[in-house]
Amino acid sequence: IPVTNMDLTGLRLSAASNLALFHTDSHNNNGSSIWDLNNTNVTLKGDRTILYDVQYHSGGLGGDSGMVFDNGTITADNSTSYTSIYDGTPNTYTAQNRYVFVTIAAGGNLTRYLYFKNEADGNIYLNGTGDTLANFASEDSTSYGGTYLENRGTIELNGVKSMGATFFREYTRSWVRFEEALSLNGDKSVGVAFTYNFNTNASNGAGGTSAPAVGYERTEVKDSVFNIKIGEKSNPGNADSNDTSIAGSTTALVEEATALYFNNGSGTRKDYKIMHAQLDALENAKRATLVSIVKGKVILDGTDTANRLKIDGGTSKTGINNIAIYAGATGTPGSTQSEIESYIPLTITNSDLSTAIFGEKKAVITNNGDITISGSNGVKGIIIDSGAQATIGGNIILTNGGVYTDSANVKTGSVVLGVMNGSMLTSNGIITADVHGKESIAVYADSSVISMTNAGS
C-alpha cells in the first residue's frame, strides 16, 4: 500500500494502551502486506504513540509483512502541549515512550518475516524520554520467518534513555542491520540491548529456508550489522539527564550512553557472535561504553576488516572518561557471568581518563586485537579486578600517556596493565608503553598474578 506526499501526526495524550498509526494483522492470504511510505513526514506526539505495529496471524502462504520508509522524516518530538484544531482546547502531556516499529505476540502462522526498513533518504529523530526505535516481541521461528530492522538512512536518538532495538524473547533467524550509523546523542541511551539469546550470525542456527511462494516477498536470513556512534553531535539541550552523580555533568556532552548492552536472561545462554561492528565514542561522549556485558558471552569476530572499537575525544579532547569494553556482573556473583573474546582493533585517541578494557567480578576476557592509545592523559589499557581473568594475545601500544589533573587539582596517572584483588592476567603480545608523571605506571599488580611474555618496552 503506497502512502505518498502526506504529513501525518499521531498524538496520544494518556491512557492505559498505546496508539498506532499503522497496523498489520498478517493473514496475507493474497500476498505480502507492505506499507510503502515515500515523500511523507510523520510526527509522533504525546505518550506511547507508535508509528507501525505488526503481528502474525493464521492463514496465508508465508508472504512477509513490513514497512519501508524513504524520502521523508519521522520525528518523535519533545513538545508537551497541543491545542485542538476543532475547539481550541489546550492539552498537555509528557513526551515519552514512543515507538517507530513494534512486533506483537499473537500466535498464528510464523512462516513469514515482520520488518521495518529505513532507506537511504529516510530520516528518523527520536527526541523524547525513553523513546524506542524497534521493539521485537513477536514469536520466533526456527524454519522460516522472524523479525528484522534495517537502516540505510539517518537515525538519531536525541532524548534521555532512548533505545535503538530491544528484544523480549529469544530469536533464531532475526537480525538488526545498522548499515548506516545509529547515532546516540542523548544521555543514558542504548543502541541495542540484548536480554535474551539472539542469533547475530546468519550461519549459526539459521534453520532451513522454505521454498519461495510465487508472487510473495521472501527474505534470506542475514548477519546483524552494528554501526553505532555515541556523541558524534552535541547533546540537545532537552536531552541532558542532569544526573548529579555524573561528575562534571554538562548539557553539551552525551553522558553514560552504551552502544551494545548484554544481559542474557535466557535459561540456556548461547554465544553472541558479532560479525560486523563499528562502534565509536566521539568528541561529545562522556562515560560512554561501547560494549557492556553483565551476563553472557560475546565474540567480536575479526573476519570483517572494517570492524573496530574507537574512542576519539576530538582535537579539543572534549570526549572523556569512556570505556571500550566492560565485562562484569551485577551484585557479587559466585561464578563467571560474563565473557568476552575480541579479535578486532581498539583505539583511544585524545580522550583523557578513558579505558580500553575493564573486567571485574570474575569476568573472563580474551583479547587478540591490537590496542593503540595516544594523546590521552590518565588513560588505562587493561584493568581487571575482583577475581577477573584476562588472556591478552594482541599488542598494546600506549604513547605519551600522561597525568590528568582535574579542576580540584586531583591527579590521575596512566596505566597500561592493572591487575587487582585476586585477578589473573596473561599477556603474550608485545607491550610498548610510554607513560610519564609520578602518578603513572606501566604495570601494576595487587594481590594478583601477571604473566608476561614478549613484554616489549
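**Aromatic cluster.** I began with the rings of this predicted model, and I found that ring pairs join Tyr52, Phe101, Phe116, Phe136, Phe167, Tyr171, Phe194, Phe198, Phe226, Phe262 and Tyr272 into a cluster. I then looked up the total for the structure, which comes to 20 aromatic pairs. From the cluster I picked Phe136 and Phe167 for a closer look: their ring centres are 5.0 Å apart and their planes stand at 90°, so I noted the pair as edge-to-face, given that planes over 60 degrees apart fall under that heading. Phe136 belongs to strand E14 (residues 132-136) and Phe167 to strand E17 (residues 163-167), so this pair ties together parts that lie 31 residues apart in sequence. I also checked the accessibility of the two residues, and both Phe136 and Phe167 are buried.

**A charge over a ring.** Next I looked at Lys117, whose charged end sits over the ring of Tyr115, at 5.0 Å from the ring centre.

**Nonpolar cores.** Which residues touch the most other members of the largest nonpolar core? I found Leu51, Phe116 and Leu279 in that position, in a core of 85 residues; Phe116 also appears in the aromatic cluster recorded above. Strand E27 (residues 289-300) supplies the largest share of this core, with 5 residues. I followed Leu279 further and, setting aside its neighbours within four places in sequence, I listed its contacts as Phe226, Ile228, Ala259, Leu260, Leu290, Val291, Arg308, Leu309 and Lys310. Of these contacts of Leu279, I noted that Phe226 is also one of the cluster residues. There is also a second, separate core of 8 residues, and among them are Val68, Tyr148, Trp175 and Val221.

**Asp64.** Is Asp64 buried or exposed? I found a relative accessibility of 0%, so Asp64 counts as buried, the cut-off being under 20%. Asp64 is located in the loop between strand E6 (49-56) and strand E7 (65-70). When I looked for a polar partner, I found that a polar atom of the Asp64 side chain lies 2.8 Å from the backbone nitrogen of Tyr113.

**Whole protein.** I turned then to the overall picture, where the secondary structure amounts to 44 strands and 0 helices. The radius of gyration is 23 Å, close to the 23 Å that the globule rule gives for 457 residues, so I recorded the protein as being as compact as a globular protein of that length. Along the principal axes, the C-alpha atoms fill a box of roughly 70 × 55 × 35 Å. Of the 457 residues, 53% count as buried. For contacts with a separation of 6 or more, I found that 85% are between residues 24 or more positions apart.

**Positive phi values.** Last, I looked up two residues that have a positive phi without being glycine, and I began with Asn350, where the angle is about 55°. Asn350 is in the loop between strand E31 (346-349) and strand E32 (355-359), and its relative accessible area of 21% makes it partly exposed. Ser447 is the other entry, with phi near 55°. Ser447 lies in the loop that runs between strand E43 (441-446) and strand E44 (449-452), and I noted this residue as exposed, with a relative accessible area of 60%.

Methods:
Residues are numbered from 1 along each chain as its sequence is written. This is a predicted model: local features need pLDDT of at least 70, side-chain atom pairs count only at pLDDT 80 or more; totals for chains, interfaces and linings use all residues. Side-chain values use heavy atoms; hydrogens and water are left out. Rings of Phe, Tyr and Trp (its six-membered ring) pair if their centres lie within 6.5 Å; planes under 30 degrees apart count as stacked, over 60 as edge-to-face and the rest as tilted. Helices (H or I, at least four residues) and strands (E, at least two) are DSSP runs, numbered from the N terminus. Buried means under 20% relative accessible area, exposed over 50%, partly exposed in between (1.4 Å probe, protein chains only). A charge sits over a ring if NZ of Lys or CZ of Arg is within 6 Å of the ring centre and within 35 degrees of the ring normal. A nonpolar core is a set of buried Ala, Val, Leu, Ile, Met, Phe, Trp, Tyr and Cys residues joined through side-chain atoms within 4.5 Å. Contact means heavy atoms within 4.5 Å. A polar contact is a pair of N or O atoms within 3.5 Å; within protein, one must be able to donate a hydrogen and the other to accept it, and residues adjacent in sequence count only if both atoms are side-chain atoms. The radius of gyration is taken over C-alpha atoms; the globule rule is 2.2 Å times the number of residues to the power 0.38.
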